[in-house]
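Work through the exercises below with the sequence and the model open side by side. Try each task before reading its solution.

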Amino acid sequence: MPTIQYDVKLDFKDVLLRPKRSTLKSRSEVDLNRCIKFKNSNQEFTGVPIIAANMDTIGTFDMAVALNKHNLLTTIHKHYSVEEWKSFANQHPDAIKNIAVSSGIGESDFTNLKAILTEVPTIPFICLDVANGYSEFFVDFVKQVRSNFPDRTIMAGNVVTDEMVEELILAGADIIKVGIGPGSVCTTRKKTGVGYPQLSAVLECADAAHGLGGHIISDGGCTCPGDICKAFGAGADFVMLGGMLSGHTECGGETIEKNGKKYKKFYGMSSATAMNKHHGGVAEYRASEGKTVEVPFRGDVDQTILDILGGLRSACTYTGSAKLKELPRRTTFIRVTQQTNEIFHQLEVN
């Protein structure tokens with residue numbers, strides 16, 4: 001018989017952060033850098049724990065260079081060649097410290113992963129990425145990668161429940177990617193009916209991970225800087241962004257001109273666009289679980305990053321958190337029925 005969980009699960013749109021008394025005089029006093037030590041790799045990361053997603057329109061080498069200036073991370077998409085990796089590493093050795101190499105779980109993926117890490121041994125992070133992190137095969141693959149690369153920090157996912165977070169950490173992963181279906185160009189929930197509201201997923205998975213000395217990434221569902229603040233407040237150690245970084249100069253994907261305006265293509269990695277590009281089409285046994293959109297061109301990503309970091313500093317100021325690390329301890333969420341007053345929409349200013 002099917003079962004129903006009756007307790008309410010929440011998304012970012014369902015809550016706001018409650019302000020609290022603060023001794024901070026200015027947003028500029030807030031420290032957004034974190035120093036995080038990883039349980040299984042025994043390595044450390046020091047920087048702002050925001051990550052560009054490993055989508056081929058987002059996780060580009062150009063994006064990595066831009067984000068590295070702010071000490072943010074980029075998970076590079078898995079469709080660059082070994083030669084392209086070598087060229088990038090030679091041109092931008094300083095950016096490598098904030099980069100993850102991505103891999104699927106096929107035999108060819110593992111061969112490619114080994115080749116890249118042999119040629120560019122300074123890459124500190126590996127991102128093992130599948131849409132469904134619940135298979136035993138995926139757990140075994142995490143164990144295999146950990147065995148082969150004992151000193152690399154492994155990100156693995158995606159999952160949304162505490163028991164799989166624990167299993168993946170025990171298998172050798174350091175950071176678990178949390179999120180099924182919340183992404184702006186993901187249609188998994190429409191096609192399969194499977195998913196989990198992102199705020200509750202982060203709250204529950206962070207608790208499970210931290211109990212074992214592991215960490216989590218809130219992956220997907222952020223539509224504005226405030227959502228990023230809520231994800232960190234809920235206990236996420238890292239927040240991964242896709243749609244919020246789309247449409248920029250540093251993004252991959254086609255640039256289109258319509259009626260004198262520029263747009264950039266942005267699509268999910270399980271979309272027909274991505275599967276046609278990288279796999280010769282959508283296999284008969286599966287459905288496309290992503291969509292393709294045209295995002296208005298937004299120029300360089302730098303201004304978007306400054307806007308995000310400014311919002312995060314402000315949230316810390318409102319809650320009395322001198323450091324980003326303190327935000328979860330200072331967070332009280334309040335349930336709401338409305339987020340913002342939408343009577344006026346943002347006007348374009350020339």
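The exercises that follow concern a predicted model.

**Exercise 1. Strand S9 and its neighbours**

Task: Find which way the residues of strand S9 (residues 175-178) point, and whether they are buried or exposed.

Solution. Step 1: In a regular strand the side chains alternate between the two faces of the sheet. Step 2: In S9, Ile175 and Lys177 point one way, while Ile176 and Val178 point the other way. Step 3: All of these residues are buried.

Task: Determine in what sense S9 pairs with strand S8 (residues 153-159) and with strand S10 (residues 215-219).

Solution. Step 1: S8 and S9 pair in the parallel sense, over four bridges. Val159 has Val178 of S9 as its bridge partner. Step 2: S9 and S10 also pair in the parallel sense, over four bridges. Here Ile176 stands opposite Ile216 in S10. Step 3: S8, helix H5 (residues 162-171) and S9 make up a β-α-β unit, and this unit is right-handed.

**Exercise 2. The surroundings of helix H1**

Task: Explain why helix H1 (residues 61-68) is described as largely enclosed by the rest of the structure.

Solution. Step 1: Take buried to mean under 20% relative accessible area. Step 2: The buried residues of H1 are Phe61, Met63, Ala64, Ala66, Leu67 and Asn68. Step 3: Six of the eight residues are therefore buried, so H1 is largely enclosed. Step 4: The cover over these buried residues includes strands S4 (50-52), S5 (73-76) and S6 (99-103), together with helices H2 (82-91) and H10 (302-319).

**Exercise 3. One residue, Ile228**

Task: Locate Ile228, then state whether Ile228 is buried or exposed and which residues Ile228 touches.

Solution. Step 1: Ile228 lies in helix H8 (residues 225-233). Step 2: The relative accessible area of Ile228 is 1%, so this residue is buried. Step 3: Leaving out residues up to four places away in sequence, Ile228 touches Ile50, Cys222, Val239, Leu241, Met244 and Ile308. Step 4: Asp302 is 74 residues apart from Ile228 along the chain, and their C-alpha atoms are separated by 17 Å.

**Exercise 4. An open sheet**

Task: Work out the strand order of the three-stranded open sheet and which strands stand at the edges.

Solution. Step 1: The order is S12-S13-S14, with antiparallel pairing. Step 2: Strands S12 (255-258) and S14 (292-296) each have a single partner strand, so one side of each is left without a neighbour in the sheet, and these two stand at the edges. Step 3: From one strand to the next the twist averages 40°. Step 4: S12 and S13 (residues 261-267) are joined by four bridges, and Lys258 stands opposite Lys261 in S13.

Methods. Residues numbered from 1 in each chain as written. Predicted model: local features only at pLDDT ≥ 70, side-chain atom pairs only at ≥ 80, totals over all residues. Heavy atoms only, no water. Buried < 20%, exposed > 50% of the residue type's maximum accessible area, 1.4 Å probe, protein only. Pairing = 2+ DSSP bridges. Right-handed = clockwise from strand over helix to strand, strands pointing away. Contact = heavy atoms within 4.5 Å. Axes fitted to C-alpha atoms, helices over the stretch in contact; angles between N-to-C directions.
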